[in-house]
Amino acid sequence: MTTIHCKFCGGVIHAPTNIEYRPPRASAQVALTTPEPCTCERPIVYEHAPVEPPEDEPAAEHPSARVPATRSA
Ligand SMILES: [Zn+2]
């Protein structure tokens, strides 16, 4: 898995389903990446949106690789 960093705050995105994809461009303002988690409501990534959102990948081969998501709501 590749770690995705929010281009707005530079934090690590843990909820890829909320990502707001924007077309890549040279003039885009990109924050320095940090190991801190992104707290943006809509993390911004300058990438083309994937054809299929990886929201429910079947982890049949290595189910132990799942990362527990923390939800406080
Ligand atoms: Zn962010």
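Here is a short tour of this protein, to follow in your viewer.

**The whole chain.** Start with everything shown, and keep in mind that the model is predicted. Switch to a cartoon view: you should find two strands and zero helices. The protein has 73 residues, and buried ones make up 11% of them. Now think about who touches whom along the chain. Of the contacts between residues at least 6 apart in sequence, 60% join residues at least 24 apart.

**The core.** Next, select Cys6, Ile13, Ile19, Cys38 and Ile44. These five residues form the largest nonpolar core. Stay with Cys6 for a moment. Which residues does Cys6 contact, leaving aside its neighbours within four places in sequence? Light up Gly11, Ile13, Cys38, Cys40, Pro43, Ile44 and Val45, and you have the list.

**The loop between the strands.** Colour strand S1 (20-22) and strand S2 (44-46), then look at the loop between them, where Leu32 lies. Is Leu32 buried or exposed? Leu32 is exposed, because just 7 other C-beta atoms lie within 10 Å, and a residue with 12 or fewer counts as exposed. Now add Lys7 to your selection: Leu32 and Lys7 are 25 residues apart in sequence, yet their C-alpha atoms are 7.8 Å apart in space.

**After the second strand.** Move on to the segment after S2 and pick Ala49. Ala49 has 12 C-beta neighbours inside 10 Å, so Ala49 counts as exposed. Finish by selecting Glu20 too. Ala49 and Glu20 are 29 residues apart in sequence, and 8.4 Å separates them in space, C-alpha to C-alpha.

Key
Residues numbered from 1 in each chain as written. Predicted model: local features only at pLDDT ≥ 70, side-chain atom pairs only at ≥ 80, totals over all residues. Core = buried A, V, L, I, M, F, W, Y, C linked by C-beta atoms within 7 Å. Buried ≥ 20, exposed ≤ 12 C-beta atoms within 10 Å, placed from the backbone. Contact = placed C-beta atoms within 7 Å. Helix = DSSP H or I, 4+ residues; strand = E, 2+ residues; numbered from the N terminus.
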